[in-house]
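Thanks for coming, everyone. Let me put the structure up, and then I'll walk through a few parts of it.

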Amino acid sequence: MSFVHLHCHSYYSLLAASPSPERLARRAAALGMKALALTDTDAVYGSVEFYRACLDAGVKPILGAEITEGSRRAVFLARDRAGWSRICRLVSRRRLDDGFSLSRELNEIGEHVVAFTAFPGLLPGDSAPPSNLYLEITPALTSSRRDEILAAAARRRIPLLAAADVRFLDPAERGFLRLLRDGNDFSPFARLLSAAEMEAALGEWPAALTAPARVAEECEPSLELGVNRLPRVPLSPGETPEDRLRARCRRGLGRRFPSAPRPVLSRLSRELKTIFSLGLADYFLLVDEIVAFARSRSIPLLGRGSAANSLVCYLLGMTDVDPLKHRLYFERFLNPARADLPDIDLDFPTDRRDEVIDFVYRRFGSGRVAMLSTMTRFRARSALRHLTRRRGWKEEAIGELTRQLPYFASLRDPSRIEREVPECRHLPWRDGAFRNLLRAAARLEGFPGHLSVHPGGMVIAPAPLTDYLALERAPKGIVVTQPDMYSAKELGLLKIDILGQRALAVAAESAAELARRGIRIDWDRIDVFGDRAAGDLIASGRTLGCFYIESPVMRRLLRRLRCRDFSTLVAASSVIRPGVSNGGLTERYIARVLGREETGSFHPRVDRVLEETRGVMIYQEQVMRVLNAAAGFSLAEADHFRRCMTKKPGWEGLERYRSRFFAGAAARGLGPSPARELWRQLEGFAGYAFCKAHSASYAVLSFRMAYLKAHHPAVFLAAQISNGGGFYPGGEYVREAARMGIGVLAPDVNRSGRRYLEEEGGIRIGLMGIKGLRRETADRILDRRELRPFDCWEDFLARVSPRRDELSALLESGALDSLGESRPALRWKLAAGLGAGEVPLYPGYGSREIIPPFRPPAPPPPTEAPAADGTLPVPSRRHASFAGKTILCRGRLVTARLVRSRGNGKLMKFITLDDGDGLFEAVLFPRAYRRFGHLLRGPGPFRLRGRVKVEDGVPILDCRFLSLDVIKPASPALSGPSSSITI
């Protein structure tokens with residue numbers, strides 16, 4: 001074997017190297033190298049990616065890591081599978097152990113790894129060094145450092161090993177790295193040099209040049225990918241996992257199906273047979289323990305995703321959707337052909353999720369459980385932010401630059417951003433320094449930036465996790481896996497998503513508050529799907545705050561469909577997805593629901609499958625069922641087809657399915673023409689279809705939220721605001737309360753709780769809503785007043801001892817109004833620093849200031865002040881009555897969505913505005929967006945003129961003119977709340 005590079009960094013040596021693992025592997029192959037090692041700094045982030053890339057390139061992968069201690073470092077390489085575990089433990093100790101010693105690790109090197117270092121001072125004692133330890137010599141060494149290494153090698157009889165400490169592939173990348181490293185430079189030799197270049201640089205030491213190939217021969221590929229490693233659940237003596245799971249399902253049958261009808265028993269038998277054949281009984285039992293713990297603590301949960309296709313999951317209480325009733329197919333979740341582990345994703349209330357995570361750590365062992373990481377990569381905004389910070393820009397200037405870039409923008413084509421995004425028109429596109437900055441940021445796009453905690457993914461292993469991967473501490477202190485979830489899954493480890501769901505917290509808080517008032521909410525006994533008030537609320541699109549159905553596009557669709565039932569809601573939440581809407585199928589579905597279009601026909605077999613969605617293919621489950629009905633695919637085969645269509649590499653196997661489909665269709669009496677049309681739809685749609693089971697799971701929660709809002713609006717909206725809102729900023733839910741006639745009461749130290757609460761039909765702002773009030777101070781307020789209410793300023797100061805800035809915030813928010821003195825008097829006391837028994841010399845002291853009731857933040861309402869052209873703004877509630885006419889509107893921007901037009905691909909913008917009367921939607925088509933989009937860099941208020949389009953009774957403004965509105969609100973109450981209140 002010719003020369004082999006054993007000291008190589010990928011861009012996973014964060015911001016200290018430029019090539020991806022794939023580029024490294026391809027370049028090594030191009031240079032004719034038979035093997036290559038990846039040795040990122042204190043990390044194995046890219047090991048799985050590198051392993052696969054090397055195998056694809058025909059290069060032998062060698063796994064390792066460069067371990068650092070201060071400025072000193074050593075490289076460790078895995079000789080075998082045990083060596084990989086040794087390196088994972090080594091990296092983990094380096095990241096987690098404050099007492100880590102690199103010298104000690106080299107002294108205890110062990111037989112399963114090879115190590116080398118360019119720092120002789122790290123070498124253990126004066127005893128004979130182990131045979132698998134080398135001193136590294138590189139072309140970049142200074143003569144003095146090289147002499148030191150050569151002397152140590154001769155004195156200690158330690159062999160030399162030649163390496164290059166590779167950081168980049170092409171000389172041009174060196175300058176880019178220098179930019180990332182604040183001017184610090186790498187040697188020009190820190191490149192993937194060819195064998196000839198290495199010989200030219202280090203030819204004086206031929207033994208050092210041959211050592212890497214010898215080491216590479218010793219190292220064998222050490223990852224076992226695709227082998228499932230499931231933890232085992234403790235069982236009773238003589239009990240098997242299959243016995244336990246079968247018994248748990250029987251118990252669930254008694255709860256879900258007391259009569260146990262034959263179709264249910266048949267389906268259960270089929271599912272269990274598949275689960276047992278794949279050896280997954282332990283997996284289901286493990287999730288069952290988590291669910292049982294949550295239910296024992298009355299922690300609500302929502303099982304979602306494809307798991308809702310499973311009757312077993314339904315019986316075990318992991319999901320709340322009956323898969324038989326809603327025609328959900330188990331094979332979409334699990335089938336005999338599936339090699340990887342399925343996902344059972346569980347949502348818990350955000351404020352109780354940590355209880356569940358703590359249980360998992362306790363139950364399965366902290367050494368075998370960790371949160372999964374996710375690698376945050378640079379995109380246009382973050383790349384610009386990083387580089388401008390390096391150049392000393394102020395945060396305000398950085399924010400002004402990056403805020404206007406669309407989230408999907410790429411700086412690789414800045415002229416396109418300049419041309420298409422009017423909000424960015426003001427940027428200095430012609431400035432040479434700015435263009436250089438953009439070029440550097442474009443190169444940084446896609447690079448890993450830092451490790452973050454996955455929103456809810458946990459990994460559970462059958463043995464200590466460091467047998468399989470390395471761990472480190474994320475910025476917030478949580479221990480996470482170094483490889484991300486995709487790599488962990490390829491390593492065969494069990495991943496479970498335990499996610500925090502704000503909507504569940506809102507529903508739980510609402511139910512708890514109602515229970516305190518004697519109103520019990522039992523979702524198993526309430527027919528939310530048949531509740532008229534909830535149905536009316538959904539059909540009218542008044543769903544702000546209702547999980548999953550509150551976005552502008554969703555509310556508009558609900559109104560057009562007049563959606564009142566569960567089945568239509570499930571379809572609605574899927575029909576707006578790109579695969580359906582981009583093909584024009586959304587409009588077709590609406591037309592058929594409303595009776596404007598006849599349902600077409602392919603073939604009776606296919607028509608029966610698509611009957612529930614009016615002949616329109618919407619769900620992934622329908623893709624599978626159509627293949628089964630029209631061409632005789634088994635559901636397992638059909639699911640494999642679906643997976644091929646959703647994954648890029650899978651397209652290679654498409655031709656095999658094509659011939660299989662047409663042969664099967666012909667055998668079942670489907671003519672050539674309808675068969676071709678059906679295949680065309682399947683081919684274009686399967687990759688974008690949505691999982692019906694996922695929509696159904698979410699629709700259950702959506703209906704429950706709608707029920708709460710319809711019957712207990714003040715309690716529901718108070719909980720929504722307390723939990724941080726949903727799709728919209730928190731203030732919008734306060735305005736929604738006002739629109740519903742619910743009063744918003746100012747905070748009060750004698751009446752407010754920590755959170756927002758319903759009070760006498762209104763919503764009392766909680767102490768959490770007072771900007772600048774510390775949690776500990778709020779706790780003291782609540783604790784002290786349990787004894788008795790605060791009766792005066794002096795009493796409050798003596799018992800709470802707030803800081804001066806907190807006292808000011810309480811005063812200005814109105815929270816001290818119940819203390820019996822006017823705000824001017826209290827301001828005087830605050831300014832004078834007066835305490836108990838002191839009377840300020842203030843002429844108005846003792847008089848009551850007239851304090852208007854608190855009003856929620858609201859944009860200026862339609863004003864009667866005439867516009868320049870003599871027309872009046874039309875309030876949003878009346879827009880539908882102006883169909884086809886041009887009107888004037890006013891409002892503040894609430895939310896916006898940038899999309900490309902279906903016709904020519906140009907950018908256009910949908911905006912939602914609040915005019916004080918309600919929310920309304922407007923669209924700026926490409927021409928209008930190019931002309932006025934630059935104004936949409938802030939919330940407004942705006943003045944708009946456009947033509948009202950009404951579809952199925954739902955209006956939208958086709959905006960032809962937009963400007964900033966300079967008319968001031970007529971009433972001071974509408975200028976927003978006190979700055980001391982934050983929502």
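I'll cover a barrel, a buried strand, an enclosed helix and the cysteines. Keep in mind that this is a predicted model.

Start with the barrel. What is the order of its strands? Going round, we have S17-S18-S19-S21-S20. That makes five strands in a closed barrel, and the pairing is mixed. On average, neighbouring strands of this sheet are turned by 50° against each other, ignoring direction.

Look at one pair in detail. Strand S17 covers residues 886–900, and strand S18 covers residues 907–914. S17 and S18 run antiparallel, joined by eight bridges. For one of the bridge partners, find Val-899: its partner in S18 is Met-908.

Now the helices on this sheet. Helix H33, residues 730–739, packs on the sheet and touches S17, S18 and S19. The direction of H33 makes about 50° with that of S18. Helix H22 comes from further back in the sequence, at residues 552–561. H22 lies across S17, S18, S19, S20 and S21. Against S21, which spans 954–964, H22 runs at about 145°.

Stay with H33 for a moment. Arg-735 sits in this helix. Is Arg-735 buried or exposed? Arg-735 counts as buried, because its relative accessibility is 17%, and the cut-off for buried is under 20%. What does its side chain contact? There is a polar contact with the side chain of Asp-914, at 3.3 Å. Asp-914 falls within the residue range of S18, one of the strands that H33 touches.

Next, go to the N-terminal part of the numbering. Strand S5 is residues 133–137, and five of its five residues are buried. Both faces are covered. Leu-133, Leu-135 and Ile-137 are on one side. Tyr-134 and Glu-136 are on the other.

What pairs with S5? Strand S4, residues 113–117, pairs with S5 in the parallel sense over three bridges. There, Ala-115 stands opposite Leu-133. Strand S6, residues 160–162, also runs parallel to S5, with three bridges. Leu-161 in S6 is the bridge partner of Glu-136. From S5 to S6 the chain crosses through helix H5, residues 143–156. This β-α-β crossover is right-handed.

On to helix H35, residues 793–800. Six of its eight residues are buried, so H35 is largely enclosed by the rest of the structure. Which ones are buried? They are Trp-793, Glu-794, Asp-795, Phe-796, Arg-799 and Val-800. These buried residues pack against three helices: H34 at 775–785, H36 at 804–813 and H37 at 823–832. Just after H35 comes Ser-801, with a positive phi of about 50°.

Last topic, the cysteines. How many disulfides does the whole structure hold? Zero. Take Cys-8. Why no bond there? The closest cysteine sulfur is in Cys-54, and at 9.4 Å it is too far from the sulfur of Cys-8 for a bond. For reference, the cut-off is within 2.5 Å. Cys-313 is in no disulfide either. Its nearest cysteine sulfur belongs to Cys-249, 9.0 Å away. What about accessibility? Cys-8 counts as buried, because its relative accessibility is 0%. Cys-313 is buried too, with 0% relative accessibility.

To recap two points: the barrel is closed, and the search for disulfides finds zero. That's my walk-through.

How values were computed
Residues are numbered from 1 along each chain as its sequence is written. This is a predicted model: local features need pLDDT of at least 70, side-chain atom pairs count only at pLDDT 80 or more; totals for chains, interfaces and linings use all residues. Side-chain values use heavy atoms; hydrogens and water are left out. Two strands pair if DSSP finds at least two bridges between them. Helices (H or I, at least four residues) and strands (E, at least two) are DSSP runs, numbered from the N terminus. Axes are lines fitted to C-alpha atoms, for helices over the stretch in contact, and angles run from 0 to 180 degrees between N-to-C directions. Contact means heavy atoms within 4.5 Å. Buried means under 20% relative accessible area, exposed over 50%, partly exposed in between (1.4 Å probe, protein chains only). A crossover is right-handed if, with the strands pointing away from the viewer, the path from the first strand over the helix to the second runs clockwise. A polar contact is a pair of N or O atoms within 3.5 Å; within protein, one must be able to donate a hydrogen and the other to accept it, and residues adjacent in sequence count only if both atoms are side-chain atoms.
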